[in-house]
Amino acid sequence: MGRTLAEKVWDDHVVRRAEGEPDLLFIDLHLLHEVTSPQAFDGLRQAGRPVRRLDLTIATEDHNTPTLDIDKPIADPVSRVQLETLRKNAAEFGVRLHSLGDVEQGVVHVVGPQLGLTQPGTTVVCGDSHTSTHGAFGALAFGIGTSQVEHVLATQTLPLARPKTMAITVDGELPEDVTAKDLILAIITKIGTGGGQGYILEYRGSAIEKLSMEARMTICNMSIEAGARAGMIAPDETTFAYIKGRAHAPEGEDWDAAVAYWKTLKTDEDAEFDAEVVIDGASLAPFVTWGTNPGQGAPLSASVPDPASYEDASERFAAEKALEYMGLEAGQALRDIKVDTVFVGSCTNGRIEDLRAAASIVEGRKVADGVRMLVVPGSARVGLQAVSEGLDLVFKEAGAEWRHAGCSMCLGMNPDQLAPGERSASTSNRNFEGRQGKGGRTHLVSPQVAAATAVLGHLASPADLNDQSSAARTPAGV
Amino acid sequence: MEAFTTHTGRAVPLRRSNVDTDQIIPAHWLKKVTRDGFEDGLFEAWRKDSSFVLNQPERTGATVLIAGPDFGTGSSREHAVWALQNYGFKAVISSRFADIFRGNSLKNGLLTVVLEQKIVDALQELTEKDPKAPVTVDLEAREVRAEGITAAFELDENARWRLLNGLDDISITLQNEADISAYESKRPSHKPRTVQV
Ligand code: SF4
């Protein structure tokens, strides 16, 4: 019987397989950041162990980094200590580190692909659940805990039990105003936040094949929000073109050998998945969340659901709690929800295409009165690229704040936070209670919806702007 | 991880049940970036009371904790184990441990021994009367011995083997060094590298 993409990549990394034991897998790329690595380095130190493969390890600073005044000392002592600890550890063990201020610094999941380190058929791990992002390249990529971080540092391997596989097939043409973010939010709402549990998801079908690399990363990034171990997309010409010429892309003969291997990384015709989900891409619309988990979402044109409409008692209870926390009423139109803050950034939607999309919508318009719009590039390099295209000016002229790279308001470990009761439209991936600041309320949206929302002050899609401008052009009283 | 074969030391009788991980190491200690230096956080709230057993001068240097039932309930924080070890404990005896705490302790080389409550009571009485009374925890013989007390205990074979040999997960993986190097030597040259070495 044939094998799925995930099974092929898995099999290619088995160092040791023995009856009654988990497989020992080789790890091709280990990404580190300041939050989950300190105790791992400490463990190495106590055991007198070195980092086994410095050439497969790279670190960056992202979760705690400020997005303003990055040349000044970091005010929060806890954040400062975490960053300083990473710097000390990297120096002591010889790990390549991109610190705040460095051109390659940024959110770890933006940095790996941007350097060309994330490649098809590799295993990628990081002490961070959104490592699933890298699966967009046909890599097997997943988040790990701190003791596993230490394990990989010391051995470059991990003992793991093989997850099951699930196909998520999206056929049909996505409507013009539907983005990758809308698609993944719709998928999570359909299968639920536990729907992917125990599985590696493979996104496939004609609608997926048409997506750009960055859009594919947005999809795979949020696999974890469906509870999955990882998400993958088979590599194709789009993937190869994206990698070619990047700093760590293979060259010459290696490039040819790599591409020949990458082309084998497809699920065989006769392979069987343990589960399958089919979605009609043409039926989708811009999608937003109304609740406090990423599975509580609905098309923007819909209304806040009535908890009583849920048959499942625990879902009903969850919906009631969510509406209470979010300060929403059942039946209220989603478009009527006013926001105070718009956040464009994160490893879900902080890449150049995302910034371009948001900029094209705010260009020549103004952020609504009373709304604060924060634009945070996913990496310093994405920021530079945006500046070279003049996007920073577009944002600033519209009244948005243009910031330095990092995780920022995605989780508010730095000063970028919502105040209690404040409401955001955010291009990040988690709308959990307090995620963006204690008492803050989050609606997950695409960059396009975020930008339109910033202009109108309530949840909106770019199409709503056209209505507005034609209305504005109509003289009063006519 | 240090191998554990047999250990003899003085004991601390802790006559409390349901000691949860928040009491072992309060949450504000979790911001630390190391695995050591947690000794001052161990039972932090109770240690503010000068009559607390750990504060008694005759308990200085004790290495065996004789705890009440349901020790280590609550969160999964591994810091609770680190705190006990940083303080100097080598073994904890109780009639019942919380699962995750027990798993964490055995992974880190802190031997958690389950004995019947009446034996735990006897050990506590003995060491309350005589703070110098030596308690031996013998993993090879699977026995706890103290004056007038000999009690056998169970431990799953795999965990016992790992403790006796001082093997943590990493050491076990490194026993497959030959497999790892063989894999590495066959890895194609087109695979990415973060630095040239
Ligand atoms: S951007 Fe958000 S989700 Fe991504 S790594 Fe940072 S904190 Fe995690």
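**Exercise 1. The annotated cysteines**

Find which residues of chain A UniProt lists under "binding site", and work out whether they sit together in space.

*Solution.* Start with the record: the unreviewed UniProt entry gives Cys347(A), Cys407(A) and Cys410(A) as "binding site". Next, turn to the model, which is a predicted one. These residues are spread over 64 residues of sequence, yet they cluster in space, with a largest C-alpha distance of 8.8 Å.

**Exercise 2. Surroundings of Cys407(A) and Cys410(A)**

Decide whether Cys407(A) is buried or exposed, do likewise for Cys410(A), and list what each touches beyond four places in sequence.

*Solution.* Begin by placing Cys407(A): it lies in the loop between strand E17 (401-402) and strand E18 (423-426) of chain A. Cys410(A) is also found in the loop between E17 and E18 of chain A.

Now apply the cut-off for buried, which is under 20% relative accessible area. Cys407(A) has 8% relative accessibility, so it counts as buried. Cys410(A) has a relative accessible area of 6%, so it is buried.

Last come the contacts, leaving out residues up to four places away in sequence. Cys407(A) touches Asp62(A), His63(A), Val107(A) and Phe343(A). Cys410(A) is in contact with Phe343(A), Ser346(A), Ser428(A), Asn429(A), Arg435(A) and Gln436(A). Phe343(A) appears in both lists.

**Exercise 3. The cavity**

Count the cavities of 30 Å³ or more, and describe the lining of the largest cavity by element and by class.

*Solution.* The idea behind the search is that rolling a probe the size of a water molecule over the atoms shows where empty space is left. The count comes to 1 cavity of 30 Å³ or more, and the volume of the largest cavity is about 30 Å³.

Its lining includes Thr4(A), Leu5(A), Ala6(A), Ile200(A), Leu201(A) and Glu202(A). Helix H1 (5-11) and strand E10 (199-204) of chain A are the elements that give two or more residues to this lining. E10(A) supplies the largest share, 3 residues. Sorted by class, the lining has 6 nonpolar, 2 polar and 1 charged residues.

**Exercise 4. A strand with two faces**

For strand E1 (residues 6-9) of chain B, separate the covered face from the uncovered one, then find the partner strand.

*Solution.* Recall that in a regular strand the side chains alternate between the two faces of the sheet. In E1(B), His7(B) and Gly9(B) form the covered face, while Thr6(B) and Thr8(B) form the uncovered one. The partner is strand E6 (residues 135-138) of chain B, paired in the antiparallel sense over 4 bridges. To check the register, look at Gly9(B), which stands opposite Val135(B) in E6(B).

**Exercise 5. Positive phi**

Find where Asp69(A) lies and what its phi is, and treat Asn18(B) likewise.

*Solution.* Keep the background in mind: most residues other than glycine have a negative phi.

Asp69(A) has a positive phi, near 50°. Asp69(A) sits in the loop between strand E4 (57-60) and helix H3 (77-93) of chain A, and with a relative accessible area of 45% it is partly exposed.

For Asn18(B), phi is positive and near 55°. Asn18(B) belongs to the loop between strand E2 (11-14) and H1 of chain B, and its relative accessible area of 43% makes it partly exposed.

A glycine can be added to the set: Gly109(B), just after H4(B), takes a positive phi of about 90°.

Technical notes. Residues numbered from 1 in each chain as written. Chains lettered and ligands numbered in written order. Predicted model: local features only at pLDDT ≥ 70, side-chain atom pairs only at ≥ 80, totals over all residues. Heavy atoms only, no water. Buried < 20%, exposed > 50% of the residue type's maximum accessible area, 1.4 Å probe, protein only. Pairing = 2+ DSSP bridges. 1 Å grid on protein atoms, 1.4 Å probe; cavity = no way out; pocket = protein on both sides within 12 Å on 5 of 7 lines; lining within 4 Å. Points joined across faces, edges and corners; volume = space filled by probe spheres on them. Nonpolar A, V, L, I, M, F, W, Y, C, P; charged D, E, K, R; others polar. UniProt positions renumbered as here; feature names shortened; annotations may be inferred. Contact = heavy atoms within 4.5 Å.
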